[in-house]
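Please read the following report alongside the chain itself, keeping the sequence and the three-dimensional view open together. The text begins with a covalent link and then turns to the loop around that link, the overall make-up of the chain and the packing of its helices.

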Amino acid sequence: DSRSALGDAAFYIGASEGAYASVALAEGFRAALGVVPVNTFASAGPYRLGSAAILKTIINPVAGGDVETYGYIGILLGEVYSSTNPNAANFGQGQDLLNDENRELALSWLNDPDLSKLEMNAKLIDFDADDEYRIENLWNLKIVQFLRDAVEAGVEDPCDPDYEGYVVGENDKFCEALKQNDLIDVL
């Protein structure tokens with residue numbers, strides 16, 4: 001119940017995921033509320049989500065390597081790019097990042113306020129029968145293969161309609177959802 005008026009200008013700062021958040025907030029507040037970003041200091045953020053740059057680090061057999069520390073990121077990304085947000089381009093299009101079989105389970109872990117990141121990571125490891133976490137056990141195998149094929153082919157932007165692996169009706173809406181979260185044009 002703050003009674004303070006919202007200012008008409010703001011400074012933003014962030015690094016890594018915080019850099020993405022600072023740029024997104026600056027643009028969102030500018031567009032929605034007219035708050036002028038006086039300065040935005042953003043360092044090492046994942047701004048180009050529609051290209052393979054960020055995907056190269058997560059589309060490998062163990063989703064980045066250190067599952068015990070960072071495995072939950074696969075669930076976070078899965079939630080963002082699955083039919084959880086009706087404003088996302090891939091909503092209800094059958095091009096979700098989380099696979100149908102495990103979507104509800106993964107989302108229940110993410111939405112459990114008593115589950116820490118490390119506990120969620122442990123659940124991911126225990127989830128797999130052979131105790132070796134693989135991203136394809138959680139994500140849509142068609143999307144995973146699409147991204148892996150692009151990385152293997154050296155394609156910088158798998159969501160470029162000129163890329164032969166980009167297929168309308170198979171991954172186009174997923175790509176559109178990725179590009180909706182790009183901030184490169186804002187920078």
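A search of the whole structure finds one disulfide, a term that stands here for a pair of cysteine sulfur atoms within 2.5 Å. A disulfide is a covalent bond between the sulfur atoms of two cysteines. The two partners are Cys-159 and Cys-175, whose sulfur atoms lie 2.3 Å apart. The torsion about the S-S bond of Cys-159 and Cys-175 is about -75°, so the disulfide is left-handed. The pair links distant parts of the chain, 16 residues apart, with Cys-159 in the loop between helix 7 (141-152) and helix 8 (172-180) and Cys-175 in helix 8. Both Cys-159 and Cys-175 are buried, where buried means under 20% relative accessible area, exposed means over 50% and partly exposed is in between, calculated with a 1.4 Å probe on protein chains only.

This is a predicted model, in which local features need pLDDT of at least 70 and side-chain atom pairs count only at pLDDT 80 or more, while totals for chains, interfaces and linings use all residues. Residues are numbered from 1 along each chain as its sequence is written, and side-chain values use heavy atoms, with hydrogens and water left out.

The loop between helix 7 and helix 8 also holds Val-155, Asp-160 and Val-167. Val-155 is buried, with a relative accessible area of 18%, whereas Asp-160 counts as partly exposed at 32% relative accessibility, and Val-167 counts as partly exposed at 32%. The table lists, for each of these residues, a partner elsewhere in the sequence and the distance between the two C-alpha atoms.

| Residue | Partner | Separation along the chain | C-alpha to C-alpha distance |
|---|---|---|---|
| Val-155 | Gly-165 | ten residues | 9.8 Å |
| Asp-160 | Cys-175 | 15 residues | 8.6 Å |
| Val-167 | Phe-146 | 21 residues | 9.5 Å |

Seen as a whole, the chain has eight helices and two strands, where helices (H or I, at least four residues) and strands (E, at least two) are DSSP runs numbered from the N terminus. From the N terminus on, these elements run β-α-β-α-α-α-α-α-α-α. Buried residues make up 37% of the 187 residues in the chain. Among contacts between residues at least 6 apart in sequence, 66% join residues at least 24 apart, a contact being heavy atoms within 4.5 Å.

How are two packed helices described? They are described by the angle between their axes and the distance between the axes. Here the axes are lines fitted to C-alpha atoms, for helices over the stretch in contact, and angles run from 0 to 180 degrees between N-to-C directions.

The axes of helix 5 (residues 103-110) and helix 6 (residues 117-127) come within 10 Å and cross at roughly 155°. That makes helix 5 roughly antiparallel to helix 6, since angles over 145 degrees count as roughly antiparallel, under 35 as roughly parallel, 65 to 115 as roughly perpendicular and the rest as oblique. Leu-105, Trp-109 and Leu-110 of helix 5 make the contact with Met-120, Lys-123, Leu-124 and Phe-127 of helix 6. These residues divide into six nonpolar, no polar and one charged, where Ala, Val, Leu, Ile, Met, Phe, Trp, Tyr, Cys and Pro count as nonpolar, Asp, Glu, Lys and Arg as charged, and the others, Gly among them, as polar.

Helix 5 also packs with helix 4 (residues 72-80), at an angle of about 115° and with the axes 10 Å apart. Helix 4 and helix 5 are therefore roughly perpendicular to each other. This contact is made by Ile-75, Leu-76 and Glu-79 of helix 4 and by Ala-106, Leu-107, Trp-109 and Leu-110 of helix 5. The residues of the contact of helix 4 with helix 5 divide into six nonpolar, no polar and one charged.
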